[in-house]
Amino acid sequence: MGLMGLTTHWWIGLLSGFLASGVEVVEAVTIVLAVGVTRGWRSTWIGVGTAAVALAAIVAVLGPTLQYLPLDALRIVIGTLLLIFGLQWVRKAVMRYTGLKELHDEARIYQREVEQLSAEPQAVTAGGMDWTAFTVAFKGVLLEGLEVVFIIITFGISAGDIAPVLAGSVAAAVAVVAVALFIHQPLSRVPENTLKFIVGIMLTTFGTFWAGEGVGLSWPGEDLSILGLLVFYAITSGAIITLLRQRRAAGGKVASKA
Amino acid sequence: MNYIKGFFAFWYDFIVGDAGEVAAGVMLSLLMLYLGTHYLGSASGSISSYGAVLLPLFIVVLLAYSLWRVRGEG
């Protein structure tokens, strides 16, 4: 199949996987860097590797298993989950754009992690294992990675092809880790909120489409309506941001903690 | 028992988070559309078509309502 022959699902799957994984890996890298710099790299890498294996195992087990379930029922359940999950991302991104929630600041999170980990006593076991480093790195990578795994599985199964979203996710993870290894500091310049907003819009779009199909809606233009939904959600969310900013400028509210 | 509670609490927080009204609104709207398209006889065809317009509109209203609530609480 040539590049032009690939479907809308395929390209949006690839892009969603890339952006979602990119933003989550940036957050995981901040934690891993803080652990590695303060506690040493050996136990940190073991924690990262163990979490990566656990995440890969979840995808390997759940991906093929769920494909055996009836597609209509699966689309309702997974479309609904994707829609709720996507709306949460859009909601949080809008809150951060409008000052209702603090922006994610990787440099500050890194500093906080370093301070906390430095305060912990160094307790290396006979095998040279620092369990604090292992646990924090493992938990950081696993929790951030779970969001990506959730997107890979729900998106992949609903679209009937896990490959594009998986390929996008792996490509982003490799790219972000490579940049982090090169510059050796938190990736604070990545526009995380914008990426989360875009991914949220994509997940909401596909969640609406698949859940709608599952409950029996007839989408005008079939797959083409995905683009219509994407544009509709982007414009209306943009309008909400503008409105909230104007209201906030007129009489502001204090941002809640991130 | 605590493990089971913890397991469900984790997934609730992971998917629903602090906006229960968003999850409830989405599920309620989809349930109503499902019932409408499957059990309303001759009206099912219209619901199937109009629902494709109403669902995205409702989602945006739900988002705006949820944000309006946060703004009010701020």
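What share of the 74 residues of chain B count as buried? In this predicted model, the share for chain B is 27%, and the sections below set that value beside the description of chain A and of the contact between the two chains.

## Chain B

The secondary structure of chain B consists of 3 helices and 0 strands, which gives the pattern α-α-α when the chain is read along its sequence. Its radius of gyration is 16 Å, whereas the globule rule gives 11 Å for 74 residues, so chain B is more spread out than a compact globule. The C-alpha trace of chain B spans about 50 × 35 × 15 Å along its principal axes.

## Chain A

Chain A is likewise described by helices, with 8 helices and 0 strands, and its pattern along the sequence reads α-α-α-α-α-α-α-α. Its radius of gyration, 20 Å, agrees with the value near 18 Å that a compact globule of 258 residues would have, and its C-alpha trace spans about 65 × 55 × 30 Å along the principal axes.

Of the 258 residues of chain A, 48% count as buried. When contacts in chain A are taken between residues at least 6 apart in sequence, 87% of them join residues that are at least 24 apart.

## The nonpolar core

The largest nonpolar core holds 86 residues, and the members that touch the most other members are A:Val32, A:Leu82, A:Ala137, A:Ile152 and A:Val199. The largest share of this core comes from helix 5 of chain A, residues 131-159, which provides 15 residues. In soluble globular proteins, nonpolar side chains tend to be buried together.

A:Val32 offers a closer view of these contacts: leaving aside residues up to four places away in sequence, A:Val32 touches A:Thr44, A:Val48, A:Ala137, A:Gly140 and A:Val141.

## Where the chains meet

The contact between the chains takes 29 residues from chain A and 28 residues from chain B. On the side of chain A that touches chain B, helix 3 (71-97), helix 7 (192-215) and helix 8 (224-250) each supply at least two residues, and helix 3 gives the most, with 11 residues. Sorted by class, that side of chain A has 19 nonpolar, 8 polar and 2 charged residues.

## Helix 3 of chain A

Which helix of chain A gives the most to the side that touches chain B? Helix 3 does, with its 11 residues, and its geometry can also be described: helix 3 of chain A has 27 residues and reaches 37 Å from its first C-alpha to its last, close to the 39 Å expected at 1.5 Å a residue.

Of the 27 residues of helix 3 of chain A, 22 are buried, so this helix is largely enclosed by the rest of the structure. The helix is followed by A:Gly99, whose phi is positive, near 80°.

## A residue in helix 8

A:Phe232 lies in helix 8 of chain A. Is A:Phe232 buried or partly exposed? A:Phe232 has 18 other C-beta atoms within 10 Å, and because a residue is buried if 20 or more lie within that distance and exposed if 12 or fewer do, A:Phe232 is partly exposed. The C-alpha atom of A:Phe232 is separated by 34 Å from that of A:Val141, a residue 91 residues apart from A:Phe232 along the chain.

Definitions and conventions:
Residues are numbered from 1 along each chain as its sequence is written. Chains are lettered from A and ligands numbered from 1 in the order in which they are written. This is a predicted model: local features need pLDDT of at least 70, side-chain atom pairs count only at pLDDT 80 or more; totals for chains, interfaces and linings use all residues. A nonpolar core is a set of buried Ala, Val, Leu, Ile, Met, Phe, Trp, Tyr and Cys residues joined through C-beta atoms within 7 Å. Helices (H or I, at least four residues) and strands (E, at least two) are DSSP runs, numbered from the N terminus. Two residues are in contact if their C-beta atoms, placed from the backbone, lie within 7 Å. Ala, Val, Leu, Ile, Met, Phe, Trp, Tyr, Cys and Pro count as nonpolar, Asp, Glu, Lys and Arg as charged, and the others, Gly among them, as polar. The expected span of a helix is 1.5 Å times one less than its number of residues. The radius of gyration is taken over C-alpha atoms; the globule rule is 2.2 Å times the number of residues to the power 0.38.
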